[in-house]
Amino acid sequence: MATFAPLLEKLHSAPMQKDAFRQYVAQCAGLLSDVDTQLEILKAYGFPFVELDDSFALGTRFIHWREAKFCFVDIETTGAKPKDSQIIEIGAIQYQNGVIIDTFESYVYAPSVPDEISTLTGIYTKDLANAPSQKEVLEKFRLFLQDCIFVAHNVGFDYNFLDFSFQQHAIAGLLCPKLCTIDLAKQCILSPRYSLSFLNTFLGINTPISHRAYADALTALEVFKIASLCIPDSIQTVQDLIDFSKIGRPFIPQK
C-alpha cells in the first residue's frame, strides 16, 4: 500500500478541493486512472476522509470525541519485530458513549512460543495447539475493528505490528486514526511513570492480570477513562483529542 501520510498532513491543515484531492490520491498510489477504486481502498483501510459539497476533509474533525467509537487493542507476540515474529493473542474492546459495546479475544496458533515470552505472558506452546490460524483471527479482527479509532498503550507497536500482519495475509491494512494512552496519560495524569503495569497500580485500577491481551486492553481503557476527566473543554473533536495527546508536555488542569 502506498504511503498516504503526506495526504493526511494536507487534510490536517485544511480541506482540499475535490479535483486536487483526487489528483493527489492518484499520485500517491502511482495511478493514472481509476481513482474511484483507490478511494474505496482508502475507505477499507480506514483512512479518515469525508466528502463535502466541494471538497474532501479530515473526518476526525466532524466527530465529537465523546461520541466516537474507540477500539482499545492489545496484542501478545513472540517477539518485538513483525518480520521475525508473530501475534499469539489479540484482545480488544469497542467503547462508545461511556459504554463497552463489544469485545474480542482470541489466541492465535503458533508452532512454538519462546521461553521468555511464556514467562512474561503465561502463554505456552501447548495453549496454542488448537488455536485458530493467524489468517483466520486477523480476518475476524479486521472486521471487528472496522473504522474505529485505534487506541493502545504505546500504540505504535500494536498498530504497526497488526498492519504488517494484515498485509502479509492480503487483508486490508491500517490507515485509521490512532490514539496512544501513554501520550494521553502524560497530558492528563501526574505520575512518576507511565507504563501500563505501573498505572494499573498507581491509579487503583488493579486489573489482576497483566501481559495478556484482553486484560491489558481493559487496563488501557480504564487509563483512558481516568485521563478523560482532565481533558479540557476546548477539546471537542476526535482530531482535537489526537492533537492534544501529542503536544509533548504535561497538561496541568487549571484550578
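This report describes helix packing, salt bridges, a surface patch and a few single residues in a predicted model.

Residues are numbered from 1 along each chain as its sequence is written, and side-chain values use heavy atoms, with hydrogens and water left out. Because the model is predicted, local features need pLDDT of at least 70 and side-chain atom pairs count only at pLDDT 80 or more, whereas totals for chains, interfaces and linings use all residues.

## Helix packing

Two packed helices are described by the angle between their axes and the distance between the axes. Here the axes are lines fitted to C-alpha atoms, for helices over the stretch in contact, and the angles run from 0 to 180 degrees between N-to-C directions. The helices (H or I, at least four residues) and strands (E, at least two) are DSSP runs, numbered from the N terminus.

Helix α5, residues 134–145, packs against helix α6, residues 155–168, at an angle of about 115 degrees, and their axes are 10 Å apart. The pair α5 and α6 is therefore roughly perpendicular, given that angles under 35 degrees count as roughly parallel, over 145 as roughly antiparallel, 65 to 115 as roughly perpendicular and the rest as oblique. Helix α5 passes α6 in a left-handed crossing, a term that applies if the near helix is turned anticlockwise from the far one by less than a right angle, clockwise being right-handed.

A second packed pair is formed by helix α7, residues 181–188, and α9, with an angle of about 30 degrees and axes 9 Å apart. By the angle, α7 and α9 are therefore roughly parallel to each other, and the crossing of α7 and α9 is left-handed.

## Salt bridges

Side chains of opposite charge can pair when their charged atoms come close. With a salt bridge taken as a side-chain nitrogen of Lys or Arg within 4 Å of a carboxyl oxygen of Asp or Glu, the count comes to eight. The table gives some of these pairs, including their N to O distances.

| Acidic residue | Basic residue | N to O distance |
|---|---|---|
| Glutamate 51 | Lysine 18 | 2.9 Å |
| Aspartate 36 | Arginine 22 | 2.8 Å |
| Glutamate 222 | Lysine 225 | 3.2 Å |

The salt bridge between glutamate 51 and lysine 18 links distant parts of the chain, with glutamate 51 in strand β2 (residues 49–51) and lysine 18 in helix α2 (residues 18–29), 33 residues apart. For the surroundings of each side chain, buried means under 20% relative accessible area, exposed over 50%, and partly exposed in between, with a 1.4 Å probe and protein chains only. Glutamate 51 is exposed at 53%, whereas lysine 18 is partly exposed at 23%.

Helix α2 also holds arginine 22, whose salt bridge with aspartate 36 again links distant parts of the chain, since aspartate 36 lies in helix α3 (residues 35–45), 14 residues apart from arginine 22. Aspartate 36 has a relative accessibility of 46% and counts as partly exposed, and arginine 22 is partly exposed as well, with 29%.

In the pair of lysine 225 and glutamate 222, the two residues are three apart in helix α9, so that about one helical turn separates them. Lysine 225 is partly exposed with a relative accessible area of 28%, and glutamate 222 is partly exposed with 24%.

## Surface patch and single residues

Leu52, Phe62 and Ile63 form a nonpolar patch on the surface, with about 260 Å² of accessible area together. Patches are made of residues with over 30% relative accessible area and no salt bridge, like charges being joined within 9 Å and nonpolar side chains (Val, Leu, Ile, Met, Phe, Trp, Tyr) within 5 Å; the accessible areas come from the Shrake-Rupley method with a 1.4 Å probe, and for residues only the protein chains shown count as cover. Isoleucine 63 lies in the loop between β3 (55–58) and β4 (70–77) and is partly exposed at 35%.

Leucine 145, in helix α5, is buried with a relative accessibility of 0%. Glutamine 146, in the loop between α5 and β7 (149–152), has a positive phi of about 45 degrees although it is not a glycine, and is partly exposed at 46%. Histidine 211, in the loop between α8 (196–202) and α9 (213–228), has a positive phi of about 60 degrees, although it is not a glycine, and is partly exposed at 32%.

Valine 238, in helix α10 (residues 238–245), is buried at 1% relative accessibility. The C-alpha atoms of valine 238 and glycine 59 are separated by 8.9 Å, while the two residues are 179 apart along the chain.
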